[in-house]
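Biologist: Can you walk me through this model? I'd like to start with how the helices pack.

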Amino acid sequence: LNMLSSGTQMGPDLRRMDPFASVLYSYSVENDTYNFSWNDSEILYDETETSSTMHVVSMVIYSTTLLFGTIGNGLVIFLTGFQMKKTITTMWYLNLALADFIYDLSLSSELLYFALNEWILGRLLCKLDTVVSFLNMFASVFFLTAISVDRCISVACPVWSLNHRTLWLASLIVVLIWMMALGLSTPYFYFRDTEYDMDNSFKCFYSFSLENASSHRSHLSMVVTEFVIGFFIPFNIILACYCIIVFKLRGKLFHQFGRSFKIIMAVVVVFFCCWFPHHVFSILENLVDGSFEMRAVIDIGLPLANGLVCLNSCLNPFLYAFVCPDFRKISWRSFLSAFKSAFSENWAMSSFSSNRNSAKPQS
């Protein structure tokens with residue numbers, strides 16, 4: 001690899017500004033325009049231009065998420081918390097929307113950080129900012145897992161579900177989920193900190209150091225925990241649940257609660273599509289070898305991956321409203337009706353009725 005550099009001033013480092021970017025790089029670079037020679041072809045990489053472009057892209061994504069996420073999730077909270085009868089299904093979706101709503105509100109501090117290129121909200125809020133981000137991740141995936149397991153049990157064991165599926169048990173599970181999510185997010189509070197940068201401005205960053213072996217091991221263990229508990233295990237549980245549901249139903253009940261099934265499937269698919277790139281780049285950050293090829297990949301990919309994470313928190317309300325309705329007849333009333341039908345409990349009773357009918361002897 002041949003590198004030729006021309007001196008320019010470094011642009012904003014998005015890795016240090018984003019709550020999900022976890023490595024404070026230990027190497028320093030004086031120049032940021034590089035000419036890579038690879039297999040007799042040259043690729044010009046201008047870090048300043050790339051960083052500035054991704055800075056704008058990130059601000060657009062954060063602003064969009066803050067606007068639509070607070071409105072959409074606020075509407076879901078209003079409907080499921082105050083307008084609809086309290087059921088187990090509305091309880092799941094209420095807390096899922098609450099996790100996204102808290103995260104969407106926290107983006108206002110990130111936008112301020114992006115705009116000023118300086119953290120002015122103090123050390124405590126710097127630490128809490130990243131805790132909220134990971135609290136959203138763990139709480140969301142745990143509630144999606146709870147919804148999937150709830151659906152699976154109702155379909156596979158409808159009689160048991162009818163007798164034991166209670167609001168009290170669901171409330172207990174909700175509390176446990178929030179406690180687990182908070183516990184898994186707390187370590188990020190310890191490693192997030194503020195410091196003066198070279199331009200005499202405060203920055204909010206992760207205090208992991210690649211030169212400190214114990215710190216690097218701590219970071220690696222957090223990334224592995226985040227991937228295994230916050231992605232791999234829930235994904236496999238959810239996948240197993242829907243395999244069981246499809247096997248048990250084999251098309252019998254999809255006409256009765258097909259929309260409800262499609263909505264939660266869409267929510268799950270969107271969640272994992274939005275979060276998978278984040279986990280990939282979290283792992284890449286740990287494997288970074290200081291090469292400028294890897295640095296270019298992370299400089300571009302990391303803000304885009306974190307942008308997907310942000311967008312995920314505002315997409316669910318749109319899925320609730322627009323999965324399967326007739327768009328030619330859309331109106332405010334039908335829009336609200338679509339929201340409410342997404343949280344319907346009819347699918348549980350349909351499953352029980354179908355099981356009871358199938359158990360009757362043939363005459």
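Biologist: Which residues in H4 meet which residues in H6?
Modeller: This is a predicted model, to begin with. On the H4 side, the residues are Leu124, Lys127, Leu128, Thr130, Val131, Phe134, Leu135, Phe138, Ala139, Phe142, Phe143 and Ala146. On the H6 side, they are Val174, Ile177, Trp178, Met180, Ala181, Leu182, Leu184, Ser185, Tyr188, Phe189 and Tyr190.

Biologist: How many of those are nonpolar, polar and charged?
Modeller: The contact of H4 with H6 has 20 nonpolar, two polar and one charged residues.

Biologist: At what angle do H4 and H6 pack?
Modeller: The angle is about 145°, and the axes are 8 Å apart. H4 passes H6 in a right-handed crossing.

Biologist: Is H4 mostly covered or mostly open?
Modeller: Mostly covered. Of its 35 residues, 27 are buried.

Biologist: And what span should H4 have?
Modeller: H4 runs over residues 122-156, and at 1.5 Å a residue it should span 51 Å. Its end C-alpha atoms are 51 Å apart, so the two values agree.

Biologist: Same check for H3, please. What should it span?
Modeller: H3 has 29 residues, so at 1.5 Å each it should span 42 Å. Its end C-alpha atoms are 44 Å apart, which agrees.

Biologist: How do H3 and H4 run, parallel or antiparallel?
Modeller: Their axes cross at roughly 160° and come within 9 Å. The angle is over 145 degrees, so H3 is roughly antiparallel to H4. The crossing of H3 past H4 is left-handed. Its contact residues divide into 13 nonpolar, seven polar and five charged.

Biologist: What about H3 and H6, parallel or antiparallel?
Modeller: H3 covers residues 88-116 and H6 covers residues 167-191; their axes cross at roughly 20° and come within 10 Å. That is why H3 and H6 count as roughly parallel to each other. H3 passes H6 in a right-handed crossing.

Biologist: Which residues make that contact?
Modeller: From H3, it is Ile88, Met91, Trp92, Asn95, Leu98 and Ala99. From H6, it is Leu167, Ala170, Ser171, Ile173, Val174 and Trp178. By class, that contact of H3 with H6 has 10 nonpolar, two polar and no charged residues.

Biologist: The H3 numbers seem to come in steps. Why would residues three or four places apart point the same way?
Modeller: An α-helix has 3.6 residues a turn, so residues at that spacing point the same way.

Biologist: Let's zoom in on asparagine 95. Is it buried or exposed?
Modeller: Asparagine 95 lies in H3. Its relative accessibility is 9%, under the 20% cut-off, so it counts as buried.

Biologist: What does it touch?
Modeller: Leaving out residues up to four places away in sequence, asparagine 95 touches Phe143, Val174 and Trp178. Phe143 is one of the H4 residues that meet H6. Val174 and Trp178 are among the H6 residues in the contact with H3.

Biologist: How far is asparagine 95 from valine 76?
Modeller: They are 19 residues apart in sequence and 9.8 Å apart in space, C-alpha to C-alpha.

Biologist: Now leucine 112. Where is it found?
Modeller: Leucine 112 is in H3 too. At 33% relative accessibility, it counts as partly exposed. It touches Ile120 and Leu121, again not counting residues up to four places away. Leucine 112 and methionine 59 are 53 residues apart in sequence, with C-alpha atoms 9.6 Å apart.

Biologist: What follows H3?
Modeller: Asparagine 117 does. It lies in the loop between H3 and H4. Its relative accessible area is 28%, so it is partly exposed.

Biologist: What is its phi?
Modeller: Asparagine 117 has a positive phi of about 55°, although it is not a glycine. Most residues other than glycine have a negative phi.

Biologist: Switching helices. What about serine 282, buried or exposed?
Modeller: Serine 282 lies in H8, residues 254-287. It is buried, with a relative accessible area of 5%. It touches Val223 and Glu226, not counting residues up to four places away.

Biologist: Last one, the whole chain. How many helices and strands are there?
Modeller: There are 11 helices and five strands. Of the 363 residues, 50% count as buried. Among contacts between residues at least 6 apart in sequence, 80% join residues at least 24 apart.

Conventions. Residues numbered from 1 in each chain as written. Predicted model: local features only at pLDDT ≥ 70, side-chain atom pairs only at ≥ 80, totals over all residues. Heavy atoms only, no water. Helix = DSSP H or I, 4+ residues; strand = E, 2+ residues; numbered from the N terminus. Expected span 1.5 Å × (residues − 1). Buried < 20%, exposed > 50% of the residue type's maximum accessible area, 1.4 Å probe, protein only. Axes fitted to C-alpha atoms, helices over the stretch in contact; angles between N-to-C directions. Parallel < 35°, antiparallel > 145°, perpendicular 65-115°, else oblique. Left-handed = near helix turned anticlockwise from the far one by under 90°. Contact = heavy atoms within 4.5 Å. Nonpolar A, V, L, I, M, F, W, Y, C, P; charged D, E, K, R; others polar.
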